[in-house]
Every structure is written in C-alpha cells, then in structure tokens.
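Hi,

Here is the model I promised to pass on. Have a look at it first, and then read my notes below.

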Amino acid sequence: GDTAVDVPNIFGPTNAGTEFWFTVPPNLNVDGAEGNNVVKIIVTSYAKTKVTVEISGSGYYKTKYIEAYSAIEFEINPDIISFGQGAASGGGIYKSMAAHVTAESPVTINVLSRFRKSSDGFTALPVQVLGKEYIIASYNDASIYYSLYSSLPSQAGIVATENNTQVTFTLGGNINTTTADGLKSGESVT
C-alpha cells in the first residue's frame with residue numbers, strides 16, 4: 001500500500017500540503033462569450049487520498065478520491081468561486097468566496113480559470129508555507145489597450161486562513177493611483 005510521508009518536513013517548504021485557502025480572480029468576460037467558462041482545481045498526489053473542496057459562501061462542497069501518482073479535477077462554475085461575480089460590501093470585499101481545500105495526505109493544487117476569450121492560472125500554496133506580509137504586483141488599468149472597455153482595473157484577492165484575522169492594505173502605485181473607494185497611493189485601510 002501507499003505510505004503517507006510528511007513531504008514538507010523532508011524537503012523544506014514546498015507547494016504540497018493538506019490544507020489550502022485561495023480565491024479566484026474573475027477573467028475578462030466579453031459579451032456574447034459566456035459559453036464554456038469554467039474554473040478547474042487540479043489536484044495531484046503521490047499517495048491515494050481523499051480531497052474536499054468547500055466554498056462556504058456559495059454552498060459548494062464536494063469530495064473526491066485520488067489515486068497515487070495521478071490527478072483529479074474539480075470543475076466549478078465561475079459564479080460560484082470567482083470574486084467579483086456577486087455583490088461586494090464596502091471596499092470591494094466579497095465575503096466567503098474563498099475555496100478551502102483539505103486532503104488527508106499532501107497534495108499539490110493548480111487552478112485554471114478558463115473563459116472563452118481569456119484564461120488565467122496559478123499554483124495554490126498550502127497554509128503551512130504562507131507568511132504575513134505580501135507585495136502584490138499588478139498592471140495599471142488595461143482599458144487603454146481595449147477600446148470596448150472604459151475600465152479594466154487591477155484586482156487582488158486576500159484570504160484569511162483563520163477567523164478574526166485583521167488585514168492592513170497599503171496601496172502602492174503612483175500619484176494617479178486610486179481605488180474605486182478613493183484610497184490613494186501610500187494610504188492604508190484595515
């Protein structure tokens with residue numbers, strides 16, 4: 001049989017783990033291009049294990065089993081998982097839109113957000129390798145490159161892995177940088 005090994009302790013920090021929290025930024029959705037939009041959570045493992053994906057804000061909960069040295073996919077409607085798809089509270093905050101993935105043995109997770117005319121993806125990091133300070137690299141408003149759109153601002157997702165987490169966000173950028181709520185470059189909000 002397969003023997004579970006504590007991979008992070010053998011090799012140091014890695015992208016393999018048993019608990020993950022992440023959110024999925026929305027893709028550009030061009031009018032008339034709604035067909036086949038999907039978010040895929042692709043899970044790989046070296047051991048046979050049970051994997052669960054939960055998105056509490058949408059009621060999504062699904063468990064699958066993965067065989068050793070293989071991959072499984074969770075295909076999710078973007079409306080269920082992507083922030084920016086529903087109503088935001090003040091500051092553009094979408095509560096309970098984070099995916100919480102747990103596994104009995106270490107797994108790796110890659111996320112693909114595929115829309116008809118745009119796609120994006122990332123590797124999710126497990127909770128045990130997360131830190132407390134991050135710098136977000138982003139583009140300026142890209143609407144200058146796309147004449148059909150008046151605004152294509154950068155977006156960032158922040159997910160707390162524990163309840164009662166306090167987050168302080170300091171906006172970078174230049175003298176012209178502002179958020180939709182009026183926060184200017186160098187200003188912070190908690």
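What follows is a walk through the strands, the core and a few single residues.

First, the ground rules. This is a predicted model, in which local features need pLDDT of at least 70 and side-chain atom pairs count only at pLDDT 80 or more, while totals for chains, interfaces and linings use all residues. Residues are numbered from 1 along each chain as its sequence is written, and side-chain values use heavy atoms, with hydrogens and water left out.

Let me start with strand β6, residues 99-114. Strands here are DSSP runs of E with at least two residues, numbered from the N terminus, and two of them pair if DSSP finds at least two bridges between them. On that basis, β6 pairs with β1 (residues 17-22) in the antiparallel sense over five bridges. One spot to click on there is F20, whose bridge partner in β6 is V101. Strand β2 (residues 38-45) also runs antiparallel to β6, with eight bridges, and V39 stands opposite S113. Then comes β3 (residues 49-55), joined to β6 by four bridges, again antiparallel; here T52 faces T102. Finally, β6 pairs antiparallel with β7 (residues 119-124) over six bridges. N110 has T123 as its bridge partner in β7, and a hairpin of four residues connects β6 to β7.

Now to the inside. A nonpolar core means a set of buried Ala, Val, Leu, Ile, Met, Phe, Trp, Tyr and Cys residues joined through side-chain atoms within 4.5 Å. For burial, I use relative accessible area: buried is under 20%, exposed is over 50%, and partly exposed is in between (1.4 Å probe, protein chains only). The largest such core has 22 residues, and those with the most contacts inside it are F22, I41, V43, V51, F74, I81 and I109. Each of β1, β2, β3, β4, β5 and β6 supplies at least two residues of this core, and β6 gives the largest share, with six. As background, nonpolar side chains tend to be buried together in soluble globular proteins.

F22 deserves its own paragraph. With a relative accessible area of 5%, F22 is buried. Setting aside neighbours within four places in sequence, F22 is in contact (heavy atoms within 4.5 Å) with I41, I81, A98, A99, V101, I109, V111, F122, A124 and V159. F122 in that list brings us to the aromatic pair, and the structure holds one. Rings of Phe, Tyr and Trp (its six-membered ring) pair if their centres lie within 6.5 Å; planes under 30 degrees apart count as stacked, over 60 as edge-to-face and the rest as tilted. So which geometry do F22 and F122 have? Their pair is edge-to-face, because the ring centres are 5.8 Å apart and the planes stand at 75°. The two are 100 residues apart along the chain, with F22 in β1 and F122 in β7. F122 is partly exposed, at 28% relative accessible area.

Another ring to look at is that of F74. The charged end of K64 sits over this ring, 5.0 Å from its centre. That label needs NZ of Lys or CZ of Arg within 6 Å of the ring centre and within 35 degrees of the ring normal.

T49, in strand β3, is a polar residue's story. T49 counts as buried because its relative accessibility is 3%. A polar atom of the T49 side chain lies 3.2 Å from the backbone nitrogen of E104. Not counting residues up to four places away in sequence, T49 touches K64, Y65, I66, A103, E104, S105 and V107.

E75 sits in β5 (residues 70-76). Beyond its neighbours within four places in sequence, E75 is in contact with V38, V39, K40 and Y60. The C-alpha atoms of E75 and I42 are separated by 8.7 Å, although the two residues are 33 apart along the chain.

Last, two backbone oddities. Most residues other than glycine have a negative phi. Y69, in the loop between β4 (60-66) and β5, has a positive phi of about 55°, and Y69 is exposed at 68% relative accessible area. N164, in the loop between β7 and β8 (169-170), has a positive phi near 60°, and N164 is exposed too, at 82%.

Cheers

Notes
A polar contact is a pair of N or O atoms within 3.5 Å; within protein, one must be able to donate a hydrogen and the other to accept it, and residues adjacent in sequence count only if both atoms are side-chain atoms.
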